Amino acid sequence: MVGLGDNNNPSCQNNISSKAKDKMKNKKKKRGGSKRKMTAEQTSAFKSVTEWVYLDRHHHPNSSSTAGLSSWVVDDFGVQKSLGRGTEKMVFELHSHSKHSDGFLSPSKLVERAHGNGVKVLALTDHDTMSGITEAVEAARRFGIKIIPGVEISTIFSPRNPEMEEPVHILAYYSSCGPTRYEELDKLLANIREGRYVRAKDMVLKLNKLKLPLKWEHVTKIAGKGVAPGRLHVARAMVEAGYVENLKQAFARYLYDGGPAYSTGSEPLAEEAVQLICETGGLAVLAHPWALKNPIPIIRRLKDAGLHGMEVYRSDGRLAAYNDLADTYNLLKLGGSDYHGRGGHGESELGSVNLPVVVLHDFLKVARPIWCSAIKDILEGYAKEPSDTNLAKIARFTRMGSFKGSTPLSCGKDLIDRCLASWLTAEEQQNDEFEAIRLKLSHATINLSGVQVPIETK
């Protein structure tokens, strides 16, 4: 009789080998599947995505032939290639926060961390503000990262039944020069931020009534100068004051939606925010729909208002139920880590959401014509009226310091051609409307740091 631990038994060895193979297969499934060569669809999508990611560089992985793609492989989520002992991945991080709202890192440190995690494209989506974008763009130049200017807008969904009212967050993604009608968006965001102050004060007041003597000054100190405080800042103050053990407990006991210390601000209706995003040249995406109590009526209404997509992917994979909802309402399927930098086991790491290359291609296929049109409108506004105000719209997220020291001729050329080369592909630039704008700007002048510089085009 042979014991169970007898490895000399051939049938036992086969059984162990079979179990080991099954275990390896399960591990691969959890990681997103085994690596394999790209399909024709993935190859085409990858070439298109890399063209946009690296369009402002002289050398990038996307050559005119497919030879440069032979070392790239795909799993169920991302695309990567071997680099000796390590790998390079095509990572898009589409949901992140900095200290300009409720994150823990400055935009520069956020970009640096993104670079360390292999992120190639980063969307900074602070709550109700775009004030950190310029710093992020500046830092991204040092690390070769492309920045998508974004914002996560706090809204309210208000159906006829008041009991079904709930907060909804909408992500807005813009081109590298920002919204076309920035003043309108900024006014909306400013109103929300003012409401956040009122809301946070009300939360502190409610906590005080609950015998938790939290101080308002403590909350504003944590938020930082000029930052509209949110629930996370209140929660952090509660932890520091010793009223709760951690952030999770602060939310679970007091600050959850409808909780004893919860309060609403002056958020706009969700549909109105989506419409404004569309009108200002942005892409509107529903953030973390799994946090909603009644997602279906909300998605239906927002789709009617112009919603482009919804988050479906998280660091733990694609959520089947929301994937199906996106299919039902013909919405883009996106996702991001929602990184705040607070640390701990409950937070996904920056760049941990691996979006399929075909999903990234679908995203850019919808976004790029919208952004191209917005860029045209901004440049056309300056061509019609070459004022400092309209110049500022072009340069909003462009580092003007890079033009200093240039000759007047090359500086003007850089403003149009170099900026366009950073925003658009060669194919997108070569159309009659952009040629007409170039012609209008051929004799215009710009003022960089008080110096009049003529714009000259090819």
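Two residues are in contact when they have heavy atoms within 4.5 Å of each other. With that in hand, let's look at this predicted model.

Among contacts with a separation of 6 or more, 68% join residues 24 or more positions apart in the chain. The chain holds 16 helices and 14 strands. Of its 458 residues, 50% are buried. The accessible surface comes to about 22200 Å², and carbon and sulfur atoms hold 50% of that area.

Now for the inside. A search of the whole structure turns up two cavities of 30 Å³ or more, and the largest cavity has a volume of about 70 Å³. Where does the largest cavity lie? Domain 1 (91–190 + 266–355) and domain 2 (366–442) both give residues to its lining, so the cavity lies between them.

Three elements each supply at least two residues of that lining:

| Element | Residue range |
|---|---|
| β7 | residues 146–157 |
| α12 | residues 357–384 |
| α14 | residues 408–423 |

Which of these elements gives the most to the lining? That is β7, with four residues.

If you would like to find the spot in the structure, the cavity is lined by W52, K146, I147, I148, P149, Y174, S175, S176, W371, I375, S422 and W423. Sorted by class, this lining has eight nonpolar, three polar and one charged residues. The charged one is K146, while the polar residues are S175, S176 and S422.

Definitions and conventions. Residues numbered from 1 in each chain as written. Predicted model: local features only at pLDDT ≥ 70, side-chain atom pairs only at ≥ 80, totals over all residues. Heavy atoms only, no water. Buried < 20%, exposed > 50% of the residue type's maximum accessible area, 1.4 Å probe, protein only. Areas by Shrake-Rupley, 256 points an atom, 1.4 Å probe, with all protein chains shown as cover. 1 Å grid on protein atoms, 1.4 Å probe; cavity = no way out; pocket = protein on both sides within 12 Å on 5 of 7 lines; lining within 4 Å. Points joined across faces, edges and corners; volume = space filled by probe spheres on them. Domains from an automatic or database assignment.
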